[in-house]
Amino acid sequence: METKKSLVKFRSLLRLNEKLDKTYLKGIAYGQSILITIVSNITTHEYCLFLLENSFFGVSIYKLLPIDENFQFEIQKKSTNNDIIWIFKRNNKELNITIPMNQQNYKMFLSKFESIIEEKKNDEYYPDFSFNWLNNYKSYETNLEEKFSYIIETEENPFIHPLSYEISLNYRLSRECWIARQLAIEQKKFIEFKKLNVFIGTWNVNGRNPDCSLKMWLNSYKNKTPDIYVIGLQEMDLSKEAYIITNNEKETMWCEKIEEGINTMNKKYIKIASQQMIGICIFAFVKKELRKAISNVSTSFIGCGLMGIMGNKGASGIRMMIYDSYVCFVNSHLAHDSSQVQRRNDDYKDICKNLLFPFLPPNEDINNYYNGTGFNREQFYTETMLRFNITSNKWLNNICQEDLKEKENIKLNFNIFDNDILFWFGDLNYRLNNNGDQIKELISQGKIKDLLEYDQLKYDYKLINEKNKNQVFTDFYENKITFKPTYKYDIGTNIFDTSEKKRAPAFCDRVLWYKSPNILKLSEISSINFSSEEDEWVIPKNYDSYEDLTISDHKPIISEFEINVRKINNEKYLDTYSQLIKQLDRHENNSIPVISVSSFILDFGTITNNISSTRSLVIKNDGKVLSTYDLITSIDANNSNPSFPWISVKPSSNTIYPGESQTINITLTITTEISLKKIDEIIILRVENGNDMFINVKSEIIPNIFGIPIEVLCQINKPLSYYPWDSLLELSNKKELSDHTKKLMENEEFSSIPKSLYIVIDFLMKYGRDEKYSFNNGNLIIKIYIMYCLKNNIDLDTNLLLFGRSSFSDSNLSSLNNITSIESINTISSNISKIEKLSLFDYQPSESKNNITESVYKNYSLKEIKNKISLIVKKNGKLPSINSMAEILMKFLYEFPIAIVPYEIFKKTGQKFQTLYSSLPPSHASTLNYIICYIGDTMSYELISKDELVKVFASAIIRPSIDYTEKQEHNIINSVTASKKEKVENFFRQYIDEVIPPKK
């Protein structure tokens, strides 16, 4: 799935008060593509890294990393390329993610990330409720460590995880994947092995024409007669014209000479393919009788030379299916010069990444191949089952992706590791780290083993690692070298370079083969018993140089192998396949999906407007067949328009394997825009080929001070709990008031601005004059305390907030210990102040851990709250309280359902302040005027500049109204384009100047 689409999908999971930062990074963890994102909680001012696993299935949450006191981060730079490793440490656990530095937004993301870490370094952390909002996402997490810990990941071999049982794109595809997996498990029943002898020759011909016979070289094999010849040439064409004009003249000359050398009266070979790239050319020939066993032949090349495109260095390759195994041959010429080790390593990485082979369908008409049933079965199983747990299932992933997109054409590529067997050979140009005289002395003494100690491509009999420093050719093997260096000779002789440069001899020309650490042994997929030596896909037989050819400054290499390739016994295969189909059909015919649900009644209890509440239920497949479900919140036949937009279900559909479960998160978001007195709705659980089930979602609604319209807040003066939710709805939606609501409002006085907003601004104007404060850096404990006071119409203890000393005595607090309800407060002796009656109670936790709005109060009595605030203020001064109050002011402004200045009104009348002012409802106009006066007062103390205040307030005051049905409150600012935002800020600055003339 495209990254942008993935992020849009992820954003839909977030709650009203959570914001996804617009910058992100891509990385790799456990071989999987990872998106690193930052999510902030606007209410708690907390930040968390969300690591998302991005695949064609969509996006899922891999890991949550809260940025708290336990969070540690460091960067480890790598010397081999532009990638680096980010190391995250938390609670003694470490996670490494490889990050490409060439990403456009790398610096921006890193700067933002480091500033957050620095900002949060000194924050106080409260284990009981800090980051409780993350509980909502725990059920979405996946465990890549558990799934892919057995995979050895390297940059050069970016192994894609094997075909997973968790693939559940749709019912048909799940069925195909199950059969493919079972075939892979049971392949012993129908797999046979064919032994073939392969001759690989490589030679840097130094631009020479084939004026000599190649017969002796190509027939110098010591093992059995080759079934396959693969010859790689380097510097075949050194002419300048070769870089500009495609000319196959030299390729043809050398091909004819090779054919002349390998064909005799007794054995005939047929050319399968060749691929030239300037001077690099590869040829493949097979015995005539083997030709019918060769299929799906493709070739490719990649330049690594000048500007990354010129063919003076690079590789050409041939990929083919031999019987039913894929074998790939890569001929390369890497950067020259003894000192250019790093360039050679980089060339290697470029080839690994960019040498790609196209997928070849069985016929030219792709639509006949990619038909209505999904796949051509024979090709599908050949490409997936035979490579199950051996190479990657990238082919399957791409086919599935195209299936979902329903495209007419499929364009797929395989890299060199998408094969059962891989040979890599050519002029690799790795040298010996010693001077020429000492090298020649060791050669003259026949001490080849000692000589190899200086090899830049570190030789350890089999395993190759360049100096054990830079990981190149990881998991590649090489037969034991017993011959002299193949470079550099005086042309026409067997004498090492005597020219003025006297280049040191080196083993430049090599033949390697790749062996995945995860590859299955032959004995694991065959009923035949193999000896330990024979239980390999590739068995080396002979490795030598051929010194009698002297037309070049290199000597050619001879390398002989015995390889094992699969051959499907079609009769046994079809029998196994038929049995699997019958097994699956029998289950499907004799069983209907059996789904169980953890609860058919989902009671949220009481919920608060403007705060999302989530409950989870578990759907389990108790049957014996795959079960696909849909959770429907619409009575529309097409399920296109949700009937209950305040209910969100994720994931709303999926396919569950037998015995497995799926956790479903159901979220409620209620606002005054939604005229509901309570929730009592039915969600339909529709099971494909099964019976529908019904889930009852219930909740009572209690008001929250945020998210209530300005007009309503101006009409109420008592604690919010005094007003039933249905009365607030009547006032909000300007409906005819019921008798009960009229009675409640009889003695209410209408204020020009909301009382709670006045309290907040008044506090800032009185006590925010001494030092600069922030509008987004409040303390969670202090914010909880302030919000509770505002909601319950309780006086703020200003001495506590400013100096850490309560204005009220603690002597009678013990009598509050047993308070369990608001009514109990009235029984307490009258000498206890209103502020002492605050009682956040000893909260009884709800059944769900996801109820954030309640759990933040868990087990904190009034005395504990006051003590914590006292410690905070005494340690840091009054600034945390000022910051907290300023942040609550911004929360008010952003959560008014209808903005103080709706953007629609601003567009029509925003040229002059007086025109705009007269167009607003009276309560909106008064609130706007009061806030501008507060801004003027703040400016007068010169602690916060006008420009800073404009940037903070303009978009909060002048904005579109909130569309809660989309649940995207954090996108309010982003919904106004940059140009519109600039316009808003300019006019708001003008309004300030009109209301508050600048100082003379």
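**Aromatic pairs, sheets and buried helices**

In the predicted model, Phe-113 has a relative accessibility of 0%, and because values under 20% define the buried class, Phe-113 is counted as buried. Phe-109 likewise has a relative accessible area of 0% and is buried. Both residues belong to helix α2 (residues 106-120), where they are separated by four residues, or about one turn of the helix. An α-helix has 3.6 residues a turn, so residues three or four places apart point the same way. Within the chain, 47 aromatic pairs were counted. In the pair formed by Phe-109 and Phe-113, the ring centres are 6.2 Å apart and the planes meet at 40°, so the arrangement is classed as tilted. These two residues also take part in a cluster linked by ring pairs, whose other members are Phe-71, Phe-73, Trp-86, Phe-88 and Tyr-106.

A further pair was found between Trp-424 and Phe-473, both of which are buried. Their ring centres lie 5.1 Å apart with the planes at 75°, so this pair is edge-to-face. Trp-424 is part of strand β17 (residues 421-427), whereas Phe-473 lies in the loop between β19 (463-464) and β20 (476-477); the pair therefore ties together parts that are 49 residues apart in sequence. Charged side chains were also located over aromatic rings. Lys-555 lies over the face of Tyr-489 at 4.9 Å from the ring centre, and the charged end of Lys-891 is placed over the ring of Phe-706, 5.0 Å from its centre.

For the chain as a whole, the secondary structure comprises 27 helices and 34 strands. Of its 1000 residues, 56% count as buried. Among contacts between residues at least 6 apart in sequence, 70% join residues at least 24 apart.

Strand β17, which holds Trp-424, is joined to strand β14 by seven bridges, and the two strands run parallel. In this pairing, His-333 stands opposite Asp-427 of β17. Strand β14 (residues 325-333) is mostly covered, with nine of its nine residues buried. The burial extends to both faces: Ser-325, Val-327, Phe-329, Asn-331 and His-333 lie on one side, and Tyr-326, Cys-328, Val-330 and Ser-332 on the other. Strand β14 is also joined to strand β13 (residues 314-322), in this case by nine bridges in the antiparallel sense, with Met-321 opposite Tyr-326 of β14. The hairpin of β13 and β14 has two residues between the strands, and Tyr-323 adopts a positive phi near 55° there.

A six-stranded open sheet with mixed pairing was identified, in the order β10-β11-β9-β8-β23-β22. The edges are occupied by β10 (269-277) and β22 (538-545), each of which has a single partner strand, so one side of each lacks a neighbour in the sheet. Ignoring direction, neighbouring strands of this sheet are turned by 20° against each other on average. At one edge, β10 pairs with strand β11 (residues 280-287) through eight antiparallel bridges, and Ala-273 stands opposite Ala-284 in β11. Helix α6 (residues 249-262) packs on this sheet, touching β8 (191-204), β9 (228-234), β10 and β11, and its direction makes about 35° with that of β11.

A second open sheet contains four strands with antiparallel pairing, in the order β24-β26-β30-β28. Here β24 (595-597) and β28 (647-650) form the edges; each has a single partner strand, so one side of each is left without a neighbour in the sheet. The twist from one strand to the next averages 25°. Strands β26 (residues 613-621) and β30 (residues 661-668) are paired over eight antiparallel bridges, with Leu-617 opposite Ile-664 in β30.

Two further helices were examined. Helix α17 (residues 755-767) has 13 residues and reaches 18 Å from its first C-alpha to its last, close to the 18 Å expected at 1.5 Å a residue. Its buried residues include Leu-757, Val-760, Ile-761, Phe-763 and Leu-764, along with Asp-762. The buried residues of α17 pack against α14 (710-715), α18 (780-791), α19 (798-803), α22 (879-895) and α25 (922-940). Of these partners, α22 has 16 of its 17 residues buried, so α22 is largely enclosed by the rest of the structure. The end C-alpha atoms of α22 are 24 Å apart, in agreement with the 24 Å that its 17 residues should span at 1.5 Å a residue.

Note on methods. Residues are numbered from 1 along each chain as its sequence is written. This is a predicted model: local features need pLDDT of at least 70, side-chain atom pairs count only at pLDDT 80 or more; totals for chains, interfaces and linings use all residues. Side-chain values use heavy atoms; hydrogens and water are left out. The expected span of a helix is 1.5 Å times one less than its number of residues. Buried means under 20% relative accessible area, exposed over 50%, partly exposed in between (1.4 Å probe, protein chains only). Contact means heavy atoms within 4.5 Å. Two strands pair if DSSP finds at least two bridges between them. Axes are lines fitted to C-alpha atoms, for helices over the stretch in contact, and angles run from 0 to 180 degrees between N-to-C directions. Rings of Phe, Tyr and Trp (its six-membered ring) pair if their centres lie within 6.5 Å; planes under 30 degrees apart count as stacked, over 60 as edge-to-face and the rest as tilted. A charge sits over a ring if NZ of Lys or CZ of Arg is within 6 Å of the ring centre and within 35 degrees of the ring normal.
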